[in-house]
Amino acid sequence: MNTLGMNILDMDILDMDITNTSLLQRIKDLEKENRILHKQLQRSHSDRVQVENKYARDGYLLQQIIRDLEGSKSVLEQRGVALELASHDIQTIQSKLIESEKMSALGVLVAEVAHEINNPVGFIYGNIEYLERYINKIIELVHLYKDQYNPPLLIIQDKIESIELDFLLRDIPKVLQSMWIGAERILEIVKSLRNFSRLDESEYRAVDLHEGLDSTLMILHSKLEGDPTRPQIEVIKNYGMLPAVECYSGKLNQVFMNILGNAIDALVEQYDLIPDRPSRITIETKPQGENVHITISDSGGGIPEAVQSRLFDPFFTTKPVGKGTGLGLSISYQIIAENHNGKLSCHSTIGHGTTFTIVIPISQADALS
Amino acid sequence: MLKVTIGHSNDPDSESAISEVIEQCLAQFDSDTPAPIAALLLTAIDFDHQLILDRIHAKFPNIALIGGTTDGEMSSKLQFSQDSLVLTLFYSDDIQIQAGVGRNLSHDPIAGAAEAVKHGKGQNTETPKLCLTIAEGIGYDSNAVVEGLKEVLGDRFPIFGGATADQQRFKTSYQFFGREVLTDAVTLLFLYGDLQFSCGIAHGWKPVGKIGTLTEVASNSVVKIDGQSATDLYDYYLQGLEPSPEYPLAIFEEGGEFYLRLPVGSNRETGEINFLTNLPINTQVQVAFATREDVLAATQDSFKIAFDRYPGAHPDVALLFSCFIRRQLLGTRTQEECQWVNKFSRQELPFVGFYTYGEIGPMEIGGKVRLHQETFITLLLGTC
Ligand SMILES: Nc1ncnc2c1ncn2[C@@H]1O[C@H](COP(=O)(O)OP(=O)(O)OP(=O)(O)O)[C@@H](O)[C@H]1O
Ligand SMILES: [Mg+2]
């Protein structure tokens, strides 16, 4: 409202005008307020319905979630029981591990004993030759006496008969021969035992893997041999020209032992089921580029697919309690993959047999770089 | 320089409301302000929209105007208000703004989006900095229009905006373009020039209970979850009450991230649940739940992220897009959402925003844009 330049006389009318316009404005404002209030009233009803619905839903939702939580509480309790059982299992496994630790301690002992036996057996083996030579000379002498003092004195004649000299002379070479064979065998076994459980394992050494394979076969000798209930297991060796391979040979022998042991188990089991199939283990070795390949195949019953996927899992075994711990292949896998940067894989067909393939680098330094 | 003036009236009478709003805008004019170049009009559903547009046209004949109907409006003028009308005018001498529209979204949302982009760019060969969009929120897969915009503008082009609403009647909502009142359309503003902006987005919902997999979907509805009627999952928690938007489905993506989709009804005979967008089959879902505190905490997060990330000195305006269900859930505390603006901005900052049927934006500038639900998006705009 601009009042400047107005005449004093107009003031009354102006006053009235002011009241009028402000009244009009006031009415306008009230009308507006009324419209807004009206709208808000409409709103508040629908809003209230929404709020009430929301409360009902929230109530149900929370109830159900509480029920679910109670459910999961009892599931948790069940899990607790399952965990207790599992912890019991772990204890059993632990005691088995201690057992296998003892076995490896035994391995060390065997290696030491083998070392100790090595010398005395050496004496025996080395002296048989002299013994044979000396005895042959003595025999020659006896024959000479026989020729020169013919007929012999009666007392000597009696002695010749009582000691069965003719038999002795015929048997002595045979006795010597079997002493030879026995001593040789002891030497071989001792060598294998020493070779198998090497004591010096702190670093890689370049070795002839065939020696390791042969030692392992030697130790498994009795298991490969037949008995009245089953035939011998035939071992075919297709050894290629391998260079010396850098490895922890004792550990690798352990791998050979596990795989060959499994193969023997599979063949024995197979024989019980289908006796007329040949029991055969084939070992093949060959160099390939930077690596060597060692495959060990058996003509056993094969491994079902479901088992194949778990083969390398620790504690996975299909063998009866007490026979298998299920650690053989998992340890072997670790030895090949982690200690030797190699690969251990299995290929198997049901009814035809199983092949394990070991691939390891010839030189570890090259493999790491 | 970017300047806005805002008029906001809660007078239910269209004629009085628009005059009041224009008056407010003009009162903020000073002599050295250039003429406004663009306008954003947000209104409740129960107005005479044609009359309002005619009045604006009479006052600002050549202004690039977009807008639409909402489920609640907010501004620095009147804070939060339902059944109101808010007009924002943009002034600048160095920012250019151009508007575009695409129609017949329910027929082909991708083509509609492409049409709007083409229209909006016109003869301008420059690349816009930002796109503000207001799109239809009902009656088709509103997700598709966003995908359509991305197809032309690029996956990571900054697009912000919201889907129009109709106060939860889910019948018809309107979009405004120039002098036209439209439905089934997408409108947009392209902003060109030396613009600074940042965004923040958050929701506050947490997945609870059973995890299911969407095993059958059909356009905007979910038919089967885990091979069972979709309603079974909700019935399990809501004892047969209608699935409602406060309990959205969390849709899990690879990597364990999830976004939300809100149910707007169900068909008891077929066991289907209806949504405002299509849902992807074979994804894992879980019912999600939020308290008012969760929702308000998320609003603060949204502001905090946006203000922390603002690249310039201070923004000139904040645009806010909030899901309609946040308003419903917050009830009398809805005010609190927009009141946080001034706590985070260290100076008086004009803001305007609305409650939508779908919020559009990326998780961060340069991120992938998506149509969100249940979220609060803060967009800060400025020139320095
Ligand atoms: N050559 C094979 N033929 C058939 N099955 C085999 C063969 N080798 C391994 N398996 C299967 O793999 C399982 C795991 O072998 P692994 O050597 O790890 O454990 P194990 O022999 O059962 O027990 P452990 O070797 O610890 O005494 C065996 O139980 C067996 O079922
Ligand atoms: Mg074994």
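Contact here means heavy atoms within 4.5 Å. In that sense, Asn124(B) touches Gln98(B) and Tyr192(B), leaving out residues up to four places away in sequence. The structure is a predicted model. Chain A has 369 residues and chain B has 384. The points below cover the two chains, a sheet in chain B with the helices that lie across it, a pocket, a helix of chain A and three residues of chain B.

**The two chains**

- Chain A contains nine helices and seven strands.
- Of the residues of chain A, 26% count as buried.
- In chain A, 71% of the contacts between residues at least 6 apart in sequence join residues at least 24 apart.
- Chain B contains eight helices and 26 strands.
- Buried residues make up 60% of chain B.
- In chain B, residues 24 or more positions apart account for 81% of the contacts with a separation of 6 or more.

**A six-stranded sheet in chain B**

- Six strands of chain B form an open sheet in the order 5-4-23-22-26-13, and their pairing is mixed.
- The edges are strand 5 (79-81) and strand 13 (196-202) of chain B; each has a single partner strand, so one side of each is left without a neighbour in the sheet.
- From one strand to the next, the twist averages 15°.
- Strand 4 (residues 73-75) and strand 23 (residues 351-356) of chain B run antiparallel and are joined by three bridges.
- Within this part of the sheet, Glu73(B) stands opposite Phe354(B), a residue of strand 23 of chain B.

**Helices lying across strands of the sheet**

- Helix 6 (residues 292-309) of chain B lies across strand 13, strand 22 (317-323) and strand 26 of chain B.
- The angle between helix 6 and strand 13 of chain B is about 155°.
- Helix 8 (residues 335-344) of chain B lies across strand 4, strand 5, strand 22, strand 23 and strand 26 of chain B.
- Helix 8 runs at about 160° to strand 5 of chain B.

**The second largest pocket**

- The volume of the second largest pocket is about 710 Å³.
- This pocket is lined by 30 residues, and the closest to its centre are Asp47(A), Arg327(B), Leu330(B), Gly331(B) and Thr332(B).
- Two or more lining residues come from each of helix 1 (11-148) of chain A, strand 5 of chain B and helix 7 (324-330) of chain B.
- Helix 1 of chain A gives the largest share of the lining, 12 residues.

**Helix 4 of chain A**

- Helix 4 (residues 209-219) of chain A is largely enclosed by the rest of the structure, because eight of its 11 residues are buried.
- The buried residues are Leu209(A), His210(A), Gly212(A), Leu213(A), Ser215(A), Thr216(A), Leu217(A) and Met218(A).
- At the start of helix 4 of chain A, a side-chain oxygen of Asp208(A) comes within 3.0 Å of the backbone nitrogen of His210(A).

**Gln373(B)**

- Gln373(B) sits in the loop between strand 25 (369-372) and strand 26 (376-382) of chain B.
- Gln373(B) counts as buried because its relative accessibility is 2%, where the cut-off is under 20%.
- A polar atom of the Gln373(B) side chain lies 2.9 Å from the backbone nitrogen of Leu262(B).
- Leaving out residues up to four places away in sequence, the residues that Gln373(B) touches include Leu260(B), Arg261(B), Leu262(B), Cys323(B) and Tyr357(B).

**Gln286(B)**

- Gln286(B) belongs to strand 21 (residues 284-289) of chain B.
- With a relative accessibility of 10%, Gln286(B) counts as buried.
- The side chain of Gln286(B) has a polar atom 2.7 Å from the backbone oxygen of Gly209(B).
- Among the contacts of Gln286(B), apart from neighbours within four places in sequence, are Pro207(B), Val208(B), Gly209(B), Pro248(B) and Phe252(B).

**Asn124(B)**

- Asn124(B) lies in the loop between helix 3 (109-121) and strand 8 (130-135) of chain B.
- At 24% relative accessibility, Asn124(B) is partly exposed.
- Tyr192(B), one of the residues that Asn124(B) touches, is 68 residues away from Asn124(B) in sequence, and the two are 9.9 Å apart in space from C-alpha to C-alpha.

Terms used
Residues are numbered from 1 along each chain as its sequence is written. Chains are lettered from A and ligands numbered from 1 in the order in which they are written. This is a predicted model: local features need pLDDT of at least 70, side-chain atom pairs count only at pLDDT 80 or more; totals for chains, interfaces and linings use all residues. Side-chain values use heavy atoms; hydrogens and water are left out. Helices (H or I, at least four residues) and strands (E, at least two) are DSSP runs, numbered from the N terminus. Buried means under 20% relative accessible area, exposed over 50%, partly exposed in between (1.4 Å probe, protein chains only). A polar contact is a pair of N or O atoms within 3.5 Å; within protein, one must be able to donate a hydrogen and the other to accept it, and residues adjacent in sequence count only if both atoms are side-chain atoms. Two strands pair if DSSP finds at least two bridges between them. Axes are lines fitted to C-alpha atoms, for helices over the stretch in contact, and angles run from 0 to 180 degrees between N-to-C directions. On a 1 Å grid over the protein atoms alone, a cavity is a set of points where a 1.4 Å probe fits but cannot get out, and a pocket is an open set with protein on both sides within 12 Å along at least five of seven lines; lining residues have an atom within 4 Å of a point. Grid points are joined across faces, edges and corners, and a volume is the space filled by probe spheres set on the points.
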